[in-house]
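Student: I have a new structure to get to know, and I'd like to understand the reasoning behind the labels people use. Can we go through it together?

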Amino acid sequence: MTRPDTAAPAGRPVKAAVFGTGSWGTAFGMVLADAGCEVTLWSRRQELADAINTTRVNPDYFPDTRLPESVRATTDPAEAAHDADFTVLAIPSQTLRGNLAAWAPELAPGTVLVSLMKGVELGTAKRMSEVIQEVAEVPGERVAVVTGPNLAKEIVARMPAAAVVACRDETVARRLQAACHTPYFRPYTNTDVVGCELGGAVKNVIGLAVGIADGMGLGDNAKGSLITRGLAETTRLGLAMGADPLTFSGLAGLGDLVATCSSPLSRNHTFGTNLGRGMTLQETIAVTRQTAEGVKSCESVLDLARRHDVDMPITETVVGIVHEGKPPMVALKELMSRAAKPERR
Ligand SMILES: NC(=O)C1=CN([C@@H]2O[C@H](COP(=O)(O)OP(=O)(O)OC[C@H]3O[C@@H](n4cnc5c(N)ncnc54)[C@H](OP(=O)(O)O)[C@@H]3O)[C@@H](O)[C@H]2O)C=CC1
Ligand SMILES: O=C(CO)COP(=O)(O)O
């Protein structure tokens, strides 16, 4: 595929490197390939790269999905990054800084860096696009974010979903939109990178809270209340950080929150459900095979809230349960007995 609005030089297909062969890296690599891109996945494990190249299947994450012929895998970052119009990052947020520092010398000149990650860095409270700009030394105009209600398992089944492609530079967002638009994956553009990233990171924390409530058997009124008040505290933080409040009623906010809080496919929701049913943190971690970003990012989101003097009681409650050993029933009582207040403040 060569489209006039893509990043590729005339006469060759758009090339994408995807760093990370977990759930979302593999699924988004398939989306890019279905949209006509030539895709190289980077895996940290040789046996997984070999399996993908020889069987066209990622046996550890999607054993029943055949990947398109235009997807190949390597463990060599230079080979993956070579000539890539888009360099997509799909690894756990807390590992980004170290990994990207190692990959940065290999990045193709002019490549657009794309974050699929939904976390906030511990310690610095930086969003992933900020970490990327800092480590790869690229301007914000060359960093994009893909977010929205995109449970990877549904995407690899080519079930319909919409998404948001956010970049400060709208032209770049449109190029990436074209590069990942398929009959089952419908990306919209947005220039509010801050709002889109916050929506993705905080929904994981609210997903944990809803999971805990589900595990405790608190019912659907509790779920509706947590989703709505969770969105309210996300929006408060976003406003304090200069985001557009409308972003939070879009796919990166409400859309992702609803998908995460209602799906057993969500790792954050499932993690919370296990805690709410009475598993200890260690037991829950032991049965969690994939990345549940909210577990670490609840602390960095709370850090962000404090830096911006924003009240985030649900996030604070999740931190209390997950990291301070507070029993969920005690945390629930505290949350419900906070001072009464107007809805819109
Ligand atoms: N899965 C989903 O539905 C969605 C996920 N996301 C976001 O995408 C990001 C990635 O999540 P996801 O793909 O689901 O996670 P997974 O746990 O499924 O995969 C993680 C990937 O990162 C690799 N990895 C783990 N630790 C390291 C490390 N220290 N250094 C280098 N690579 C490492 C894993 O390699 P290995 O296999 O060798 O362990 C694997 O390839 C997260 O921020 C998540 O929030 C966003 C939208 C949807
Ligand atoms: O971000 C996601 C869906 O949009 C995936 O959610 P989990 O990380 O909770 O599985």
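Student: Among contacts in the chain between residues at least 6 apart in sequence, what share joins residues at least 24 apart?

Tutor: That share is 70%. Keep in mind as we go that this is a predicted model.

Student: How do you know that the chain's radius of gyration agrees with a compact globule?

Tutor: Set the two values side by side. For 345 residues, a compact globule would come out near 20 Å, and the chain has 20 Å, so the two agree. Along the principal axes, the C-alpha atoms fill a box of roughly 65 × 40 × 35 Å.

Student: What makes up the secondary structure, and how much of the chain is buried?

Tutor: There are 15 helices and eight strands. Of the 345 residues, 54% are buried.

Student: Why is Lys-203 called buried?

Tutor: The cut-off is 20 or more other C-beta atoms within 10 Å. Lys-203 has 33 of them, so Lys-203 is buried. You'll find Lys-203 in helix 8, which covers residues 193-216. Setting aside residues up to four places away in sequence, Lys-203 touches Asp-256, Leu-257 and Thr-260.

Student: Which feature does UniProt list for Lys-203?

Tutor: An unreviewed UniProt entry lists Lys-203 under "active site".

Student: Which residues does UniProt give for "binding site"?

Tutor: The unreviewed entry places that feature at Ser-23, Trp-24, Arg-44, Arg-45, Tyr-61, Lys-118, Ala-152, Arg-267 and Glu-293.

Student: How do you know that these do not all gather at one spot?

Tutor: Look at the spread. They span 271 residues in sequence, and the farthest two C-alpha atoms are 22.9 Å apart, so they do not all gather in one place.

Student: Let's take two from that list. What makes Trp-24 count as buried?

Tutor: Trp-24 has 24 C-beta neighbours inside 10 Å, and the cut-off is 20 or more, so Trp-24 counts as buried. Trp-24 is part of helix 1, residues 23-34. Beyond its neighbours within four places in sequence, Trp-24 is in contact with Ala-90, Leu-116 and Ala-152. Ala-152 is on the "binding site" list too.

Student: And why does Arg-267 count as buried?

Tutor: Run the same test: Arg-267 has 24 C-beta neighbours inside 10 Å against a cut-off of 20, so Arg-267 counts as buried. Its place is in helix 11, residues 267-276. Leaving out neighbours within four places in sequence, its contacts are Thr-288, Gln-290, Thr-291 and Ala-292.

Student: Which residues are closest to ligand 2?

Tutor: Arg-267 shows up again here. Ligand 2 is surrounded by 14 residues, and the closest are Asn-150, Leu-151, Ser-266, Arg-267 and Asn-268. Helix 8, helix 10 (251-262) and helix 11 are the elements giving two or more residues to this shell. By class, the shell holds three nonpolar, seven polar and four charged residues.

Student: How do you know that both domain 1 and domain 2 take part in that shell?

Tutor: Check what each gives: at least three residues of the shell come from domain 1 (15-191), and at least three from domain 2 (201-336).

Student: One last try. What makes Thr-235 count as buried?

Tutor: The count of C-beta neighbours inside 10 Å is 22, and 20 or more is needed, so Thr-235 counts as buried. Thr-235 lies in helix 9, residues 220-240. With neighbours within four places in sequence set aside, Thr-235 is in contact with Pro-245 and Phe-248. Leu-246 is eleven residues from Thr-235 in sequence, and their C-alpha atoms are 8.8 Å apart.

Key:
Residues numbered from 1 in each chain as written. Chains lettered and ligands numbered in written order. Predicted model: local features only at pLDDT ≥ 70, side-chain atom pairs only at ≥ 80, totals over all residues. Helix = DSSP H or I, 4+ residues; strand = E, 2+ residues; numbered from the N terminus. Rg over C-alpha atoms; globule rule 2.2 N^0.38 Å. Buried ≥ 20, exposed ≤ 12 C-beta atoms within 10 Å, placed from the backbone. Contact = placed C-beta atoms within 7 Å. UniProt positions renumbered as here; feature names shortened; annotations may be inferred. Near = placed C-beta within 6 Å. Nonpolar A, V, L, I, M, F, W, Y, C, P; charged D, E, K, R; others polar. Domains from an automatic or database assignment.
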